[in-house]
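I sat down with a new structure today and kept a few notes as I went. Here is what I was looking at.

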Amino acid sequence: MILVTGGLGFIGSHTCVSLLGAGHDVLVLDDLSNSSVDVLDRIERVAGRRPLFVRASVSDTDQLAEAFAQHDVGAVMHFAAFKAVAESVRLPLAYYDNNVGGTLALLSCMKAAGVRSLVFSSSATVYGSPATLPIREDCPRFAVNPYGRSKIIVEDILTDLAGSDPSWRIVNLRYFNPVGAHESGLLGEQPRGAPNNLMPRLLQVAVKQREVLDIFGDDYPTKDGSCVRDFIHVVDLADGHVAALRYLAEHSGMTSFNLGVGRGISVFEMCHAFEQSTGQSLPRRIVGRRAGDVAECWADATRAHTELNWRPNRDIDAMCRDAWRWQRHLCSENRGGSVCRP
Ligand code: UFG
């Protein structure tokens with residue numbers, strides 16, 4: 001049984017599908033602070049099996065201890081965390097409490113239960129503004145906001161833990177920019193409140209919930225002036241977790257892996273690809289740079305290729321088509337609701 005914290009979120013839910021598809025049993029622990037219980041039904045429809053579910057926060061050590069006592073948990077995948085950069089600047093204590101404190105609570109419960117295999121959700125944000133590209137795992141880390149710092153702190157805690165006791169097996173996954181959705185159109189990203197990321201905002205423009213897409217700067221020193229990111233299809237990212245689990249079975253200690261495609265795509269290129277793939281037009285306007293954005297960020301994913309034996313294989317066209325299919329599905333479910341005109 002794999003315990004998946006935050007298993008109803010965007011990356012967590014797709015990973016549940018991949019785990020179930022690979023034959024694992026899954027127990028989701030999620031406090032629904034940024035997700036909905038309906039996602040369990042969606043996972044079941046897509047995967048053909050329903051994960052077990054406990055509604056609880058990772059900080060709730062009683063519920064965690066109970067979950068470990070009742071189920072034969074072999075490994076934990078820890079997704080549950082806050083992830084909005086701007087919010088973390090406003091609410092640093094909430095971020096350290098949930099992201100760092102929650103992880104400490106989870107680790108203590110794992111230790112007490114004798115469960116010592118963990119896959120941790122880190123982020124490319126730990127690299128801050130990278131000095132060299134592509135970014136390798138041994139690049140210096142530098143936090144530019146409390147969210148990024150919370151990930152660096154947890155990485156350091158995990159390093160100390162693995163150093164203290166060789167029976168710990170920890171894979172630290174640094175995600176680049178996940179986009180797309182399950183190809184069934186039944187599972188995807190459902191941000192609560194106003195989204196911050198490019199793809200959900202772009203989808204809002206495509207369904208006319210938002211009039212125009214703001215492009216945050218066209219004067220960066222990049223190939224076309226817009227920022228460049230390593231966009232990766234969320235199903236490829238999810239499959240990376242199954243590969244990480246295989247790796248854990250054979251390796252002790254802690255190892256970090258970049259999960260990205262290894263190719264930089266600009267914001268303009270993403271907009272153009274979306275229009276080509278879906279036939280939708282995206283009204284856009286150039287506005288000023290967004291505070292805290294780095295010009296370019298993409299991965300050297302060689303280590304994940306060679307050691308995890310994992311390779312992303314869905315291209316930018318699939319990222320756009322699948323995200324669009326999911327958005328249309330959401331619109332069809334909300335017929336008669338707010339503006340949604342695919
Ligand atoms: N962008 C726009 N218009 C928008 C939204 C975004 O031009 O409406 C641009 C941003 O300025 C940036 C690019 O699109 O240049 C990507 O922005 P996202 O917000 O989608 O993603 P980020 O690269 O800023 O951040 C994401 C996650 C972080 C994570 C980071 C890791 O949100 O949590 O990737 O690289 F840390």
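How many aromatic pairs does the count come to? I got 4 aromatic pairs. I should jot down early that this is a predicted model, so everything here is computed.

While I was on rings, I checked Tyr220. The charged end of Arg289 sits over the ring of Tyr220, and I noted 4.0 Å to the ring's centre.

Next entry: the ligand. I looked up what surrounds it and found 19 residues. Those that come nearest are Asn197, Arg201, Asp214, Arg229 and Asp293. I sorted the shell by residue class and wrote down 8 nonpolar, 5 polar and 6 charged.

Then I went through some polar contacts. Asp214 uses a backbone N or O atom, which lies 2.7 Å from a nitrogen atom of the ligand. Phe216 also brings a backbone N or O atom, this one 3.0 Å from an oxygen atom of the ligand. With Arg290 I had to look at the side chain: an N or O atom there is 2.9 Å from an oxygen atom of the ligand.

How much of the ligand does the protein cover? On its own the ligand has 680 Å² of accessible area, and the protein covers 89% of that.

Which elements give two or more residues to the shell? I found helix H7 (198-206) and strand E8 (213-216). E8 gives the most, with 4 residues.

I also wanted to know where the ligand lies relative to the domains. Domain 1 (2-179 + 232-259) and domain 2 (198-229 + 263-333) both give residues to the shell, so the ligand lies between them.

Last entry: the backbone. I stopped at the peptide bond from Leu133 to Pro134, which is cis, with omega near -5 degrees. I placed Pro134 in the loop between strand E5 (117-123) and helix H6 (146-164).

Lys208 caught my eye too. Its phi is near 65 degrees, a positive value in a residue other than glycine. I found Lys208 in the loop between H7 and E8, the two elements I had already noted for the ligand shell.

Note on methods. Residues are numbered from 1 along each chain as its sequence is written. This is a predicted model: local features need pLDDT of at least 70, side-chain atom pairs count only at pLDDT 80 or more; totals for chains, interfaces and linings use all residues. Side-chain values use heavy atoms; hydrogens and water are left out. A residue is near a molecule or strand if one of its heavy atoms lies within 4 Å of it. A polar contact is a pair of N or O atoms within 3.5 Å; within protein, one must be able to donate a hydrogen and the other to accept it, and residues adjacent in sequence count only if both atoms are side-chain atoms. Accessible areas come from the Shrake-Rupley method with a 1.4 Å probe; for residues, only the protein chains shown count as cover. Ala, Val, Leu, Ile, Met, Phe, Trp, Tyr, Cys and Pro count as nonpolar, Asp, Glu, Lys and Arg as charged, and the others, Gly among them, as polar. Domain bounds come from an automatic or database domain assignment. Rings of Phe, Tyr and Trp (its six-membered ring) pair if their centres lie within 6.5 Å; planes under 30 degrees apart count as stacked, over 60 as edge-to-face and the rest as tilted. A charge sits over a ring if NZ of Lys or CZ of Arg is within 6 Å of the ring centre and within 35 degrees of the ring normal.
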